[in-house]
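Please open the model in your viewer with the sequence panel beside it, and keep a selection tool ready. The tour goes from one selection to the next and says what is to be found at each stop.

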Amino acid sequence: MTQKIRVSDAVLRSIPDPGQTAILPEDGETNILITSALPYCNNVPHLGNIIGSTLSADVFSRYSRTRNRRTLYICGTDEYGTATETQALKEGVSPQELCIKYNALHKSTYEWFDIGFDYFGRTPTQHHTEICQSIYLNLGRNGYLEKQVKDQTYCEGCQKFLADRYVEGICPHCAYADARGDQCDGCSRTLDAIDLLEPRCLINKTHTVVARSSSHMYFKLDSAQPQLEEWIKESYKKGKWSPNATINSDGEIVDARMKGGLRPTPVTRDLSWGVPIPPLGRDDDEEMRGKVLYVWFDAVIGYPSITANYTPDWKRWWHNPDNVKLYQFMGKDNVYFHTIYFPAMLLADGRNWTTLHHVSTTEYLNYEGGKFSKSKNRGVFGPMAKETGIPASVWRYYLLSTRPETADSMFSWSDCIAANNNVLLSNFGNFVNRALKFVSSQYDSIIPDSDDVPGPLSPNDEQDADFINEVNTLLKEYIDAMESVKLRLGLQTVMLISGKGNGYLQASGLNKALIVENPKRCAQVISRTINLIYTLSVLIYPFMPATSESILAQLNAPARVVPDMLSIDILGGHQIGQPEHLFKKIDEKMEEQWKVQFGGSETPSKDPEVAVSKRKAKKVAATNAKVESTPETGPKSPEVTAKELKVAEQGQIVRSLKESKASKEDIDIAVTELKKLKGELMLLEKA
């Protein structure tokens with residue numbers, strides 16, 4: 001097909017999609033380094049986890065590429081620590097086996113959502129060990145480590161010291177009954193396990209837990225605080241941070257720990273699953289033998305270590321603050337570790353690290369009036385999204401349109417369906433399809449010649465000055481929003497531009513009669529409309545890359561950059577591709593079926609109408625997902641439902657490992673686990 005595209009650096013995109021080629025920064029250019037909070041390798045991500053970090057970071061990564069900026073997006077699974085050990089204990093597997101399972105599950109989930117990492121790695125690597133140990137050693141050399149002998153929880157039944165995640169009890173601050181030894185889920189305060197009231201051993205709650213003295217190494221955050229405060233205020237101003245739990249909109253540090261004075265914090269633990277601490281060449285080395293780095297210390301170092309597994313030139317990204325801007329994405333519960341703890345470590349290390357430029361945080365996404373709950377199977381967890389038959393692009397649009405940027409937001413099936421039917425289908429999709437079908441049917445797919453000069457349209461145009469200026473104003477607002485990482489506003493602006501396109505077609509009276517009565521004007525309207533669609537292809541790319549790809553295929557055009565002004569870049573004589581619908585209508589009746597399907601064990605099952613809806617929902621899910629299921633013989637118990645989910649998850653892991661050509665050992669371990677789960681499911685069904 002014939003292509004006629006204006007050739008200019010201001011038109012075509014030169015930076016590739018994520019993961020295609022190795023990217024390195026260049027001096028004097030804008031180089032963007034992006035991370036999303038490393039997910040724990042002990043569970044399945046739900047929609048709130050996805051919008052909170054990985055999806056949001058993906059949007060900004062793709063936007064940066066549409067500005068032809070060298071961009072690297074790094075993430076991976078956080079695999080060390082007691083969170084992994086305790087989950088492995090629950091599942092009856094080793095930490096290594098657990099991490100193989102969940103790393104594959106996370107990776108396949110993000111791939112389905114079109115989240116494009118340049119590299120998705122893991123923390124248990126040699127590079128990770130080396131970089132963690134080097135920072136630990138530098139902290140020691142620079143006087144930021146001190147040994148403290150303190151009481152620690154000790155289980156007399158297990159006859160060993162218990163790391164924080166192996167202890168539960170009553171929070172001393174808010175009296176929450178099931179606070180963990182490292183953090184309280186009730187008030188979000190970080191804790192020391194020894195402070196818990198009525199501590200319980202997670203391995204065996206009948207065991208007696210007492211306090212015994214133990215030696216550990218502590219990071220002297222108090223000594224780092226003066227330099228850290230200066231850095232926070234400078235970085236906040238330079239990077240235009242959004243207000244968060246560390247610093248407010250007035251540039252005032254509001255974190256309670258910093259206002260009260262930071263205190264030394266432990267960096268070692270009595271565990272086997274972690275990064276071994278190296279000797280410091282001090283008299284207390286023998287007391288530290290056999291201990292590992294605390295997961296809060298090593299997890300954030302996963303960002304540079306995963307980059308080191310991506311490229312041997314990782315220091316060009318991480319030791320290059322003059323040429324690299326670091327953007328980090330996370331939920332609000334991770335703010336302390338990325339704005340205080342991690343920067344303090346890098347500053348105390350003494351080397352020329354690339355530190356945080358901009359932090360983007362989200363509040364919580366809740367589910368249908370409550371919270372997501374894995375234990376109750378309540379809400380949509382990553383691998384389950386595809387069971388609905390809703391395309392990943394629509395999921396991305398809805399999640400980003402409700403992104404909880406300043407307050408908690410609520411997932412709603414009715415809102416999700418309305419977003420597809422009323423916005424994507426009726427507004428965006430209708431505009432693109434209407435224009436392309438007109439060119440296909442009335443001009444034999446060839447863009448007609450118009451009198452418009454290639455390049456930006458004049459804001460003083462005789463025919464369309466208002467339209468051109470309105471689009472240009474919205475383009476500026478889009479760029480301003482995205483540069484400030486206001487992603488939800490950026491997406492809203494795209495839909496406003498699409499709405500302007502619909503209005504333009506209506507006001508111009510585009511129809512067969514216009515071709516006959518005023519062919520010159522009709523050609524002009526078509527040319528300007530097609531070029532607006534070309535602009536929309538790049539504006540929507542960060543949010544819905546598959547939709548952008550479809551538009552480009554239908555336009556028969558290459559990927560472009562974000563323009564500052566509406567321009568004529570697809571020229572007369574250009575041949576478009578085959579027009580196709582971008583979206584399909586979702587039956588509103590599916591709302592109740594999905595509410596039942598993802599409502600969890602608390603959903604009433606005695607009501608006849610609900611029972612019918614539940615059967616329908618399962619039938620639809622089976623059809624869309626094409627997964628194996630056992631015949632229905634009556635209402636299923638919560639135990640059977642939960643086990644079926646585990647079988648489906650493990651089946652996805654096996655498929656992912658095979659598709660990625662993992663080692664035979666890893667595949668065999670996953671297959672053995674799948675067979676075990678299927679056997680357990682059969683026993684439950686017979687009970």
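Select strand β10, residues 265–266, together with β9, and you will see two strands that pair in the antiparallel sense over two bridges. Within this pairing, Phe219 stands opposite Thr265 of β10. Since this is a predicted model, everything pointed out on the tour is a feature of the prediction.

Now extend the selection from β9, residues 209–219, to β4, residues 145–155, where eleven bridges join the two strands in an antiparallel arrangement. To check the register by eye, pick Gln148 and look across to β9, where His216 is its bridge partner. On β4 you can also select Tyr154, whose bridge partner in β5 is Phe161; β4 and β5 run antiparallel and are joined by two bridges.

With these strands displayed together, you have an open sheet of four strands in the order β5-β4-β9-β10, with antiparallel pairing. Which strands stand at the edges? They are β5 (160–161) and β10, and because each has a single partner strand, one side of each is left without a neighbour in the sheet. As you look along any regular strand, bear in mind that the side chains alternate between the two faces of the sheet.

Keep this sheet visible and add helix α11, which lies across β9 and β10 and runs at about 50° to β9. The helix, residues 335–349, also lies across β13 (324–331) and β14, where it runs at about 140° to β13. Selecting α11 therefore takes you from the antiparallel sheet to strands of another sheet, described next.

**The parallel sheet**

Select β3, β2, β1, β13 and β14, which in that order form an open sheet of five strands with parallel pairing. Its edges are β3 (119–122) and β14 (356–362), each of which has a single partner strand, so that one side of each is left without a neighbour in the sheet. Neighbouring strands here are turned by 20° against each other on average, direction ignored. For a closer view, select β1 (residues 31–36) and β2 (residues 70–77), which run parallel and are joined by five bridges; Leu33 has Leu72 in β2 as its bridge partner.

**Helix α3 and a loop residue**

Move to helix α3, residues 95–112, and use the viewer's distance tool on its end C-alpha atoms, which are 26 Å apart; this agrees with the 26 Å that 18 residues should span at 1.5 Å a residue. Is the helix mostly covered or mostly uncovered? It is mostly covered, as 13 of the 18 residues of α3 are buried. Just after the helix, select Asp114, which takes a positive phi of about 60°.

For a contrast in setting, select Ala175, which is found in the loop between β6 (167–170) and β7 (179–180). Ala175 has a relative accessible area of 53%, and because the cut-off for exposed is over 50%, this residue counts as exposed. Add Leu197 to the selection: Ala175 and Leu197 are 22 residues apart in sequence, while their C-alpha atoms are 8.6 Å apart in space.

**Aromatic residues**

The structure holds 33 aromatic pairs, and two of them are worth selecting in turn. Tyr367 and Phe372 form a tilted pair, with 5.4 Å from centre to centre and 50° between the planes, and both residues are buried. Tyr398 and Phe411 form an edge-to-face pair, with 5.4 Å from centre to centre and 80° between the planes. This second pair links helix α12 (residues 392–401), which holds Tyr398, to strand β16 (residues 409–411), which holds Phe411, the two residues being 13 residues apart. Tyr398 and Phe411 are both buried.

Widen the view to the aromatic cluster that these four residues belong to, whose members also include Phe381, Trp395, Trp413, Trp594 and Phe598. Next, select α12 as a whole: nine of its ten residues are buried, so this helix is largely enclosed by the rest of the structure. Among the buried residues of α12 are Trp395, Arg396 and Tyr397.

End with two arginines that lie over rings. Arg269 lies over the face of Tyr294, at 3.9 Å from the ring centre, and Arg560 lies over the face of Tyr534, at 4.9 Å from the ring centre.

How values were computed: Residues numbered from 1 in each chain as written. Predicted model: local features only at pLDDT ≥ 70, side-chain atom pairs only at ≥ 80, totals over all residues. Heavy atoms only, no water. Pairing = 2+ DSSP bridges. Expected span 1.5 Å × (residues − 1). Buried < 20%, exposed > 50% of the residue type's maximum accessible area, 1.4 Å probe, protein only. Axes fitted to C-alpha atoms, helices over the stretch in contact; angles between N-to-C directions. Contact = heavy atoms within 4.5 Å. Phe/Tyr/Trp six-rings, centres within 6.5 Å; stacked < 30°, edge-to-face > 60°. Lys NZ or Arg CZ within 6 Å of the ring centre and 35° of its normal.
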